[in-house]
Every structure is written in structure tokens, then in C-alpha cells.
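Visitor: I've just started learning to read protein models. Could you walk me through this one?

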Amino acid sequence: MASISDIGLYKYKAFFLSFAWSGKDQAFLQRCSIPVTRVSSEQILFKNECLVFDQMPKRIGASTYNHETRMVENGDLARYVLEISHLISVLKFCGGEGCLELGRSYHALIAKTGLDGDEFVGTSLIDMYAKCGDLDSAVLIFNQMPRLDVASCNCLISGYASCGLFDETFRFFMKYDSFGNIPNPYTYSTMLASCGTLSAIEEGKQLHAQVVKMQYLPETAVSNALLTMYSKCGVMEDAETVFKCLPRRNIISWTAIINGLYRHEDFDKAMRLFSLMRESGIEPNEYTFTIALASCGSMKNLDNSHLLHALVIKKGMALGEFVGTAIIDMYSELGEMDDAEKQLKVMGILASKVSWNALTKGFVQNEKANEALDAFGEMVRKDAACDEFTFSIILKACASLPSFTSCQQIHARIVKANFDSNTHVGSSLLEAYTKCGSIEDAERVFSRISAPDVVSWNSLIKAYSQNGNPGRAISLFRRMIDKGFRPTVSTLLAVLSACSHSGEIQEGQEIFQSMVREFGILPEEAHYSCMVDLLGRSGQLDKALDFINNLPVKPTASIWKPLLAACRCHKNLQMAEFVAKHILAMDPNDATVYVTLSNMYAEAGQLVNAENQRNLMKLKEVTKEPGCSWIEVNSKIHKFFSRDRTHPESAKIYNKLKQVMMQITGKAYTTNANQLQQKEDSCLFHSEKLAVCFGLISLPAGKPVRIFKNLRVCTDCHMFMKYASLITDRIIVLSDNYRFHHFNKGCCSCGDYW
DNA sequence: CTAGGGTTAG
């Protein structure tokens, strides 16, 4: 245990460090060779103990006087004030850096020397405890204070607010009166900030009224807080009004309004204000630059981005933790991954794990999953700490490949790092396993999440809905409701599509009805399109048409499209022509419409019409590359496979499947589902389709089939093409750039709406 | 002594 005199030494070290750390004395920092990288302050204290001590000009020992005796000692007043201000600095330092234990030992020292009777010291103690999150101690001191002024109350209330105890915050605000205090501008800043995080617009407006009445509005900090509150509550007009009326705008006012515009996706205006700010003589700081960089990235304007990047370099800020990462984000957003990578390299040792995460995320978003995995590997190799964000991001890369092996490897790391109960990581893992086709793993992962939220439930429901167990998806939906979760837009989409795919017409319609009535969710385009699919798939084409005609919104192409698919499935050429006309009126370049119609004519024996549709499509230049023959091949398979699993030829298919899979993997292969899931590569799950292809369809004679670029296809078809190209050089995949998509876009290959 | 602004995830 440290003795009082030890603590005395410690105190001065902490003081000097806090002084140095506040950035006011760079020379001091350098003289002490304090590392610039940010480590916890306690670490620095210990590391530089001797150094700092040597630098101390003079030591004022911590003797056991109390302040009354000192007050009467003539001429000692100056030293007393010095002592108090030292203590306050140290406590501020502890609060700012979250050094609760250090602060506590100071508290002990203060109590011992009797300095805790001092009003300022007491307030600083409250602030220190509140900032360190130890509100119980803060309240204890608060209650012992001989006199309570506004500052003490403000310290406590900001403690409540920063700990997220908003009930307490508001309750305490109402009690200011009973302590004989009037809320001051600081109080209102804190309160307004709380309203902002809570999106409590009504309370915010009431506070606004009070602020006006108290004439605090000209206070820049109060107006800043007010405009931030409005912007967080989504009322940009009011935020802008507050900004316009501000008599003295500082850098924070400008940053707040620019940030508000950025959050509301008004990037143009954000950048305009950024220029205006500079014109008005205020230079951006690190905060402002991160927002400006983000806006630039979202605007997709490369020239502006380069200008801004140059400006940041000129200011010497390009390597800072936040600004540096913002540059990586900007280039990722612009798709300039080389520049993003360069930035990370330039940052060198200053790159934090957030910077690495940003780069990895950039790769994933630009559909470079392998590069993302490489970056992750590099991160692991460098022994950089991986956090929950790292894992969420990298799992997305695994899902997009999809690579079951990578999923398992990363899963192992996650378990080792103790992140498997984290809600975000768990959900990402769940999604990744789902994309790899392993529902069993997905379910197991779900059960490990300590606090599953709506998104976790959604993912699990979607997993079953999209992987051939719609019945389970529906029952999970019921269980989720029973547990008291409020479904979201995507919950209902997943469960409605489950109903559609399992033929639960009645149930689907009931759930659709309950959307608004029970859950208060307004159906979106995708839900309507799903309902059309539900009715159409079951053959109720007229009902589906009625549904479309009676919609409260104007039906879009995405709403019509599932009906076209249904027409084909149920061989209603007449209605198909009618529907196609509607879709083409809205989107004349939609390849799926021509393909579907053409296939339907062919199936009806109208070969001339079929050919006409093809020519029409080529005429419209919907396809830049020749490759339509592939679509024909695939749509035959689709027709066979997706609608009718009990086809009499299934035995033949499975035999063919075994042969094909042997060719690919070199291993014996059975169709037993349990053994399937143990296979290294989950793509096997999609092989049914592949087998159908090779079992039933022969490739057209002549030239190889080219699968052209930028074709929107579903994951199933993607997988299917990839494997097909492995087996025969007759199939050439020109690009790996396929995207999974949802209802509102049909798959160009199979025409389905997955 | 007390207030205001920023990056990454399902």
C-alpha cells in the first residue's frame, strides 16, 4: 500500500502529466520523451515515473496540516491556493482519463488533510467520480457538501447524463429549485444534449422556451447544444434557424451544423457551409475535417476529395487517428481502394484498429472479399487487437464469398476472444453461416448470443425462410412475438416470403393484415411484391391482379414482376403479355421480362415469337455481352427445380450429382444431409441445382456459353455458374461480380425473386 | 469547478 507521502509524490507527477497531457506544453512532453501514441494515462504514470519526478522543479510535501491552521498562518495564503489548484488539476485529469483508482487515492489524501471542506475541491471530486462513472460516490459527496452551488449540481447532472441515466437526469433537473439554485447555461447545455441523444423533441422544445426566457440563447454553447439537439431529432430547419441567429459562431457551431447536414445526407450543403466557414475566417479542426471528408466521400466527387485530402495534408492532420481513418473511409466510399490502402500504409504505426477496420470494410463494400481477408490476416499477423467490429466486418466477407472454411476459422478466433456472445458479432456469424448454407451452425450461434435483439431474430428467421424451412421461419416469428419483440420491416418481409414459399396463403394474408393493425408497420414496396408472389405462386393469378389494382400506392415494376413469374409458372401467356406491357412501360430495359416472355413463347411452341422477344431484347441493348443462351439453359433448370422437388427424375439427378461432386472434390459423396454439412465447402448445398443442370440439360452446341458481366443474379445461380465453370471449359464466367438481391430485383438468370 | 463537435458492425 502506498503511504501518504508516496501519494504526495504521485500527486505531483500526475499534475505535471495532466498539464503536459492537456496538450498545452508540447515541449514538456518531448523533454520527458513521453510517447505520442495514446496509452492509458495510468500506464504513462508508471512508465515515466522517474523521468517526470526528475523534471519537477520543487517538491511541496504532503504534510498533515489542515487548511484552517494554514489559513491563519500569515503569508501562506498563496501556497494554499496553489495547493488547491494543484488538487483540482489532478482531479480533472483523473476524471478526463477515467482513472478512478488514482482519483480515489487523492480523495483519501484530501480527506486526510481536511481540504475536502473546500467548495471547489468538493465540486471537483463530484465531477471526478461522475466522469469515472462512480455515481454512488459522487452522490455521497454531493450530500455531504456544506453548500450546494450550481456548479456542483451541474457536475452531478452531467454525470447522470453521460452514464445514460436519463430518468435521473430529468428528475434532478426539476430539483434545482429545491437546492436554491437556478439552472445556468451549463445546465441547459447538458439537458439539451440529453434530449438530443434521446430524440426527445418535445422536452427539447420546452427547454428551448426556457432558454429564451432566461436569455441564455446568445450563449454560444447553449445555442450549439440547441442546434445539435434539433439536428439529432431530425428537425434540420430548426437547427439551421438556430445557427443563423447565432451572434457569435465558433468552430463548434460550424462543426455541429455541418455534421447535422451530413447526417441528413445533404452533402452538397454540408460542403458549401464548410467553404463558407473557411471564408468567414474560421479554420477547420480535426473534427470538422472528419465530417467534411465523409461528406466528400458520399458525394462521390473525386476532384473535391483530392482537394480536401491535399488541404488536410497541408494542415499536417492527415495522420491523426480520426482524420486518417476518415481518409480511408472516403477513398473506400469512392471505390478507390488503392488510395485507401496507401493511406493506411502512410499512417504506419499511427493506424489504429479502427483504421484497419475501415480498410477491411472498404474491401468488403467494394466486393473484394479476398482482399478483405488478406487485410484481416495482416492485422492478425501484426498482432493488432481485433474488436467486435473487426469480426463483424470480416464475417461479411466470408458470407459474400461464401466460404464455410473461413467462417469456421474466424468463428474459432471469435470464441477465443470471447466475442461469441456479443449481439453484433453473433448476428454476423449467423448471417455468414446462413449464406454458407449451414443452418445448424446458424442456430447454434444464435443460442450463444447473450442478448439477442430484433436483428438477431430477423437473421435467424431469414435463415430458415431462405433455406428451405419456411415452416420453421413462421414458428420462429411467433416465438419472437411471444418473447415481446416488436417485429421490424425486415422481420415481416422474411416471414411473408416464408409463407409464400411454403404455400401458407392463409397465414401470409393474416400476417400481412396484422402488419399495420398489430405492429404499426406500413407495408413497403417489397412487402407488396411479396404478397403478389404469395398469391401468384399458389396459382391465384386473378387475386394477385386484384391485389395490385387495389393497392393504396401506384404499383411499381417490382410489384408487377412476381406476377409475371407466376404467369410463367402457371402457363398463363395472355396475362403474362398484359403484365409485361406494364413492366416495360416503366422499365423498358428489364432483361428478365424479355427472357421470361421469350421462354414462355418457346414453351407454348410459338418459336417465332420467342425469337422476336430475344431480338427485341438485343435491340434494346439490355445486354451488352452475348450470353443469352445461358439464361435459356438456366431457366429450364429453374423451372424444373424450384417448383417441383418431387419430380420423378430425382433419383437420376442424385446419381448424377454424386458423379459431379466426385469430379469436383475428388471425394466420395453422399446426399445425406448430415454428412453434407460436414463437407468443407458449403457450396455443396447448392449443388442440387448443378446436378439438375448436368443431369437434364445439355449445353448448346458450338461456342462456349459466356456469362456476361453485370448480370444481376441470385446467390443460387451464382454458385451454380461458378461450379459449372469448374467442370467444363464450355462455360466461361466473365466476372465474379454477382450480387445477391432481394424482391425488388429479379434474378436475370432464373427469373425468381430471391 | 461545470457546457458544445468526430471514425468502424449485424
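Visitor: Okay, where is threonine 187 found?

Guide: Keep in mind as we go that this is a predicted model. Find the stretch covering residues 185-198, which is a helix. Threonine 187 falls in that run, so its home is helix α12.

Visitor: Is threonine 187 buried or exposed?

Guide: The cut-off you need is that buried means under 20% relative accessible area. Threonine 187 has 0% relative accessibility. That's under the cut-off, so threonine 187 counts as buried.

Visitor: Which residues is threonine 187 in contact with, leaving aside its neighbours within four places in sequence?

Guide: Contact here means heavy atoms within 4.5 Å. Once you skip the neighbours within four places in sequence, you're left with this list for threonine 187: Val150, Asn154, Phe173 and Tyr176.

Visitor: Which residues does UniProt list for "repeat: PPR"?

Guide: That comes from an unreviewed UniProt entry. Two of the listed spans can be described from the model: residues 149-183 are 63% helix and 0% strand, with end C-alpha atoms 10 Å apart, while residues 184-218 are 77% helix and 0% strand, with end C-alpha atoms 13 Å apart. The list in the entry reads 118-148, 149-183, 184-218, 250-284, 352-386 and 453-487.

Visitor: How many helices and strands does chain A have?

Guide: Let's look at the whole chain, with its 754 residues, of which 49% count as buried. Residues 24 or more positions apart account for 64% of the contacts with a separation of 6 or more. As for the count you asked about, chain A has 42 helices and two strands.

Visitor: How is alanine 209 classed, by its relative accessible area?

Guide: Alanine 209 sits in helix α13, residues 201-213. Its relative accessible area is 48%. Buried needs under 20% and exposed needs over 50%, so alanine 209 lands in between and is partly exposed.

Visitor: And how far apart in space are alanine 209 and asparagine 366?

Guide: In sequence, alanine 209 and asparagine 366 are 157 residues apart. In space, going C-alpha to C-alpha, the distance between them is 48 Å.

Visitor: What is phi of lysine 300 near?

Guide: Most residues other than glycine have a negative phi. Lysine 300 is in the loop between α18 and α19, and it's exposed, with a relative accessible area of 51%. Its phi is positive, near 60 degrees.

Visitor: Where is lysine 571 found?

Guide: Lysine 571 has a positive phi too, near 55 degrees. At 60% relative accessibility it counts as exposed. Its place is the loop between α34 (557-569) and α35 (573-586).

Visitor: Which residues are closest to DNA strand B?

Guide: In total, 38 residues surround DNA strand B. Sugar and phosphate account for 30% of the strand's atoms that come within 4 Å of the protein. The residues of the surface near the strand divide into 12 nonpolar, 17 polar and nine charged. The closest are Ile252, Arg263, Asn285, Phe322 and Val354.

Visitor: How far is a base nitrogen of DNA strand B from an N or O atom in the side chain of aspartate 453?

Guide: Start with two serines: the side chain of serine 427 has an N or O atom 3.1 Å from a base nitrogen of the strand, and serine 428 has one 3.2 Å from a sugar or linking oxygen. For aspartate 453, the partner is a base nitrogen, and the distance is 2.6 Å.

Key. Residues are numbered from 1 along each chain as its sequence is written. Chains are lettered from A and ligands numbered from 1 in the order in which they are written. This is a predicted model: local features need pLDDT of at least 70, side-chain atom pairs count only at pLDDT 80 or more; totals for chains, interfaces and linings use all residues. Side-chain values use heavy atoms; hydrogens and water are left out. A residue is near a molecule or strand if one of its heavy atoms lies within 4 Å of it. A polar contact is a pair of N or O atoms within 3.5 Å; within protein, one must be able to donate a hydrogen and the other to accept it, and residues adjacent in sequence count only if both atoms are side-chain atoms. Ala, Val, Leu, Ile, Met, Phe, Trp, Tyr, Cys and Pro count as nonpolar, Asp, Glu, Lys and Arg as charged, and the others, Gly among them, as polar. Helices (H or I, at least four residues) and strands (E, at least two) are DSSP runs, numbered from the N terminus. Buried means under 20% relative accessible area, exposed over 50%, partly exposed in between (1.4 Å probe, protein chains only). UniProt positions are given in the numbering used here, feature names are shortened, and annotations may be inferred rather than shown by experiment.
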